[in-house]
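Reader: I am new to reading protein models, and I would like to learn how one goes from the picture to careful statements about it. Could we take it feature by feature?

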Amino acid sequence: MEQLPTSNAVLSGDGRSGIAFAETNAPSASPYVSPAADGVDIRAGLKNTIFNFIPPAMIVAVVLFWAYGPRSWIESPWSIVVTSAVISLFVQGLEYVNERHAGWRLNGRELATDLFYVILGATAIAWCTTKLADDPLRSMKQSLGITTDWAMHLPFVAQVALVVFLIEFGQYWMHRAMHNWTPLWLTHAPHHHITQLNAMKGYVGNPIELFLISLSVVALFDLPDAAVFCALNVLNVISTFAHANVRSDPPKFYSLFFTTIQNHSLHHSVGYEETRCNYANSLILIDRVFGTYRDGESAVVGQDERKRLSIPQQFLFPFQPVFARFRTKPATS
């Protein structure tokens with residue numbers, strides 16, 4: 001399967017290029033179309049329409065839950081854990097219902113790796129982010145007397161949008177730096193060695209990168225937990241679909257603002273230079289504003305001749321230059 005052109009590489013329903021799709025759908029010699037075939041086309045069209053609107057529908061559902069859900073649920077710290085898990089499992093399940101590429105079909109090894117990183121992110125990475133970044137920021141904010149009471153008086157949706165922007169803006173620049181500075185690229189490269197995209201692939205990467213990409217300044221703002229948790233769930237929905245092997249092409253009002261699998265698969269292209277675009281994990285509007293947006297889609301992903309890395313290799317990858325130096329160091333007599 002070849003990588004699609006970056007200019008107008010839109011995949012057809014059978015995973016081939018738009019040109020091939022046009023050729024295979026040329027008018028037949030006979031004008032007759034059987035009712036059965038027509039019924040299949042209608043059902044397929046309805047299925048595609050439903051799947052295209054699932055991402056925006058899930059965002060609406062998430063916002064409604066955190067805005068109007070039972071107080072006992074909203075105030076429980078376990079709610080964000082449960083909702084995040086439900087989102088990931090639901091989108092993962094959609095891959096079995098309407099997959100995008102057979103070559104990205106999940107197998108046991110991929111699933112085990114993905115689950116390992118989901119657990120790592122929810123435990124060790126989350127702990128490091130809290131203790132090494134968020135708590136020090138809150139302490140500094142308190143000692144300096146910084147207040148943002150105005151944020152507490154914003155409408156709930158505006159609070160959620162603020163958190164989404166703060167997280168995504170920081171991630172965009174961190175991600176962009178990782179593609180333009182070798183030391184940071186070495187931490188990020190393992191994420192680009194994945195050879196297929198699936199719902200939980202956004203969690204996969206070197207722990208150093210996972211920590212760096214999790215940093216934000218949200219802790220400096222006075223905001224209710226419900227708004228922060230809602231924003232995290234919204235980002236989770238968008239990012240999960242942007243990595244998922246699901247045939248879902250959201251409408252223009254969605255793809256104008258939010259990252260889709262088309263945008264992100266292109267970012268995971270096999271060439272290093274081709275990856276230097278579409279840096280926003282969820283808010284593709286930032287790429288549009290800063291000129292790093294590129295249209296298209298890639299069905300083939302993975303760096304270095306698509307060499308898949310094991311978990312130990314992903315952990316040790318940033319230190320490869322050090323290992324190489326010791327291997328080439330001449331022995332002293």
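Reader: Let me begin with one side chain: does Phe221 count as buried, partly exposed or exposed, and what is its relative accessibility?

Author: Please keep in mind that this is a predicted model. The general idea is to ask what share of a residue's area stays accessible, and a residue counts as buried under 20%. Phe221 has 21% relative accessibility, so it counts as partly exposed.

Reader: How should I describe two aromatic rings that pair, and how many aromatic pairs are there?

Author: A pair of aromatic rings is described by the distance of the centres and the angle of the planes. Here the count comes to 18 aromatic pairs. In one of them the ring centres of Trp150 and Phe221 are 6.2 Å apart and the planes stand at 90 degrees, so this pair is edge-to-face. Trp150 belongs to helix H6 and Phe221 to the loop between helix H9 and H10, so the pair ties together parts that are 71 residues apart in sequence. Trp150, with a relative accessible area of 48%, is partly exposed.

Reader: What arrangement do the rings of Tyr172 and Phe290 have?

Author: Tyr172 and Phe290 form a stacked pair, with 5.8 Å from centre to centre and 25 degrees between the planes. The pair links distant parts of the chain, since Tyr172 is in helix H7 and Phe290 in helix H13, 118 residues apart. Tyr172 counts as buried at 0% relative accessibility, whereas Phe290 counts as partly exposed at 36%. Both rings are part of a cluster in which ring pairs link Phe165, Phe169, Tyr172, Trp173, Tyr279 and Phe290.

Reader: Which residues does His175 contact, beyond its neighbours within four places in sequence?

Author: For such a question it helps to say first where the residue sits: His175 is in helix H7 and is buried, with a relative accessible area of 7%. Leaving aside those neighbours, His175 is in contact with His188, His192, Ile213, His267 and Tyr279. The side chain of His175 reaches the backbone oxygen of Tyr279 at 2.6 Å, and the C-alpha atoms of these two residues are separated by 6.1 Å although they are 104 residues apart along the chain.

Reader: How do I check the length of a helix, and why does the span of H4 agree with what is expected?

Author: One compares the distance between the end C-alpha atoms with the span expected at 1.5 Å a residue; the 20 residues of helix H4 should span 28 Å, and its ends are 29 Å apart, which agrees. An α-helix has 3.6 residues a turn, so residues three or four places apart point the same way. With that in mind, look at the buried residues of H4, among them Ile80, Thr83, Ser84, Ile87, Ser88 and Val91.

Reader: Which residues touch the most other members of the largest nonpolar core?

Author: They are Trp66 and Val234, in a core of 36 residues. Helices H2, H4, H7 and H10 each supply at least two residues of this core, and H10 gives the most, with 11 residues. H10 is mostly covered, as 17 of its 19 residues are buried. Contacts of Trp66 include Ile80, Phe156, Phe229 and Asn233.

Reader: And how many helices and strands does the protein have?

Author: The protein has 15 helices and 0 strands, and 46% of its 333 residues count as buried.

Conventions:
Residues are numbered from 1 along each chain as its sequence is written. This is a predicted model: local features need pLDDT of at least 70, side-chain atom pairs count only at pLDDT 80 or more; totals for chains, interfaces and linings use all residues. Side-chain values use heavy atoms; hydrogens and water are left out. Helices (H or I, at least four residues) and strands (E, at least two) are DSSP runs, numbered from the N terminus. The expected span of a helix is 1.5 Å times one less than its number of residues. Buried means under 20% relative accessible area, exposed over 50%, partly exposed in between (1.4 Å probe, protein chains only). Contact means heavy atoms within 4.5 Å. A polar contact is a pair of N or O atoms within 3.5 Å; within protein, one must be able to donate a hydrogen and the other to accept it, and residues adjacent in sequence count only if both atoms are side-chain atoms. A nonpolar core is a set of buried Ala, Val, Leu, Ile, Met, Phe, Trp, Tyr and Cys residues joined through side-chain atoms within 4.5 Å. Rings of Phe, Tyr and Trp (its six-membered ring) pair if their centres lie within 6.5 Å; planes under 30 degrees apart count as stacked, over 60 as edge-to-face and the rest as tilted.
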